[in-house]
Amino acid sequence: MPAALRARHAAVVVAAAVVIGSVAVPDRVSEPSARPVQADVPQAAPVAPVQRNSYTCATYSGIERPNPVRNLYRDTFAWGTTPPYRVGDGRGDVNWRLNPADNPSWYMWLHSLRWLGQGIRAAGKGDRRALQRVDAIARDWVRDNPYPWQNDAGATESTMHRTNVLICLRQAVLSGLHVTRLPPAYRWIDTALLQHAQYLQRNWSGDWNHGTEESLALFGVGCTLGRADLKRTAADRLATGIKTAIDPQGSTNEQSTAYAQYNYSLWGRAIDVLGKCGVDASPTIRERREQQANWLALATNSLGELHQLGDSEVVRTVPVAGTPLEYAGTSGKRGTAPTQRVGVFAAGYVFGRTGWGTQRPFAQESTYSIRFGRVRRLHGHDDHMSLTYTSLGREVLVDGGHAGYKGDAWQRWARGQSAHNVMTVSGAGASATRLTRADVQSEFYELRDAGRTRGVLVLKDPDLMVVLDRGTSSVRREYETLWHLPAGQKVTPYGAGSVVAQRTGDTVKTVLLQVPYGEPTTRPRVSSSWQYRTIDKRSASPVVGFERSGRTASILSVIVPARAGAAVSYTTSRRGGQTLLHLQVGAARATVAISPDGTLRRA
């Protein structure tokens, strides 16, 4: 590569690893650098017979779209919001150390070679000039990044993606040149594939999306080059990984709804890839994937999007035909409405809704999520006890979102407690949370961890949530229940201790009631927070805090989505040791009984 380009060397950090036997497994606290790409999920099973012992070139997952063939001739690479950047000398000689955006995702996708996708497709159709250019760039990567490339995090993490691209390039050479064997000038590809296979054999990430993709790429090399040993290793790893990647209820182990959908597509590809190359997929793969379709359907909110949990951008649910996702992903326009309205999942999720759009329009239903379970891992956040909520065709309570993988203050904030709808406790960190009570009929849930208890009651007609937060400590602490609201809403006082949030001219509003319970209310703290709907778009959004101070705290909140003209009010009374909370939303009324042990029920 030219000296001028060599000078622009980007610093990279090698991910930590622990060694298990002869397989290096990346430490689970190391940070993946790529968001889940919306993979092509099969809409239905193929009806035409497929050729056995073949490997289908993986898609490029959209990485190729902003990189047309004409840009490849200029060695120009584009990803995300970073403008197209010239990474080579115009002859296919690329400086693989460049990272002008100082963004680990940009750098990883550069090394993945997926951006060559349009050129590889053109080459496969006989475009000799396109073939010459993609061959030059891919060969340059191999030359400039000698095996085992472990001193470069971008090269390391993208190994499975690059392996698939090399397989696609090999197929393009054969089809574009109308030959059945690689000509001598292209046999470097097989050498590179065997090196990549060797790396994948020695470095397996285990039971999450990286490990799944690595196994699929390894299987692809085995299928392409007729190596039964590589196929067997990959198939065994897939059979092992599925047992914890997706649990028997269909929950992902990655603590992210977007990654759950991505994994659903990956395991669908696994079934397809194994079958086309003579290996029957483990029955567990099919069973767990079927359960995950139900999980994803229940995780779909009334806007047709997945509740934004963990490292998730706001993504729409993919409507996979013949599964519950078809109905959920089309907002009820196709498919059959699921019979299950509420799902409680041992991995740490509650998803519920007022209905599936059969009694009122799909978007007018109310939907919610509640998080609990083990501490943060992989793509999870410190969001235990947090809620998200939609109603009346809009978001009501939002998550702080996904700030990407730069390892900066924004990523730390987005993963931390203060970016979520929780009660924070000064001097206390995140801990595992237990779901101690769950009544799916009344929709009352109780969650506990070290020093915090949250009770949640979800009502229909009127649609609202009642949340009782309690805290106890041996020392004085500051407690604050946070409610994150969508960007663009203006928050104004609404009686003593309460607020109303509404966009200018909107026909709906959110009333946040702070009800005295065991101690006086305080003036709500209204401040500016943030929401990442995508990793590259951060919007200012309001957050409302209800505060207490002391060794104990009781904060009773009511979240009320309502029409703009509807009056919202409450009164309280006592009966037999219980507190009765009388709520009125427009013409609708409801009474909630609060027992001394924190039980909430509709009276």
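Two strands count as paired if DSSP finds at least two bridges between them. The model described here is predicted.

By that criterion, 4 strands form an open sheet. Their order is E20-E21-E22-E23, and the pairing is antiparallel. Strand E20, residues 568–575, lies at one edge, and strand E23, residues 600–602, is the other edge strand. Each of these two pairs on one side only. Neighbouring strands of the sheet are turned against each other by 25 degrees on average, direction ignored.

The pairing of E20 with strand E21 can be followed in detail. Strand E21 covers residues 578–585. The two strands pair in the antiparallel sense over 8 bridges. Within this pairing, threonine 571 stands opposite histidine 582 in E21.

A further strand, E19, spans residues 537–563. Arginine 548 lies in this strand. Is arginine 548 buried or exposed? Its relative accessibility is 3%. Buried means under 20%, so arginine 548 counts as buried.

The surroundings of arginine 548 were then examined. Neighbours within four places in sequence are left aside here. Arginine 548 is in contact with Arg477, Glu478 and Tyr479. Other contacts of arginine 548 include Gln514, Glu519, Pro520, Thr521 and Thr522. Ala553, Ser554 and Ile555 are also among the residues in contact with arginine 548. With glutamine 514, the contact is polar: the side chains of arginine 548 and glutamine 514 meet at 2.8 Å. Arginine 548 and glycine 471 are 77 residues apart in sequence. In space, their C-alpha atoms are 9.7 Å apart.

Methods. Residues are numbered from 1 along each chain as its sequence is written. This is a predicted model: local features need pLDDT of at least 70, side-chain atom pairs count only at pLDDT 80 or more; totals for chains, interfaces and linings use all residues. Side-chain values use heavy atoms; hydrogens and water are left out. Axes are lines fitted to C-alpha atoms, for helices over the stretch in contact, and angles run from 0 to 180 degrees between N-to-C directions. Buried means under 20% relative accessible area, exposed over 50%, partly exposed in between (1.4 Å probe, protein chains only). Contact means heavy atoms within 4.5 Å. A polar contact is a pair of N or O atoms within 3.5 Å; within protein, one must be able to donate a hydrogen and the other to accept it, and residues adjacent in sequence count only if both atoms are side-chain atoms.
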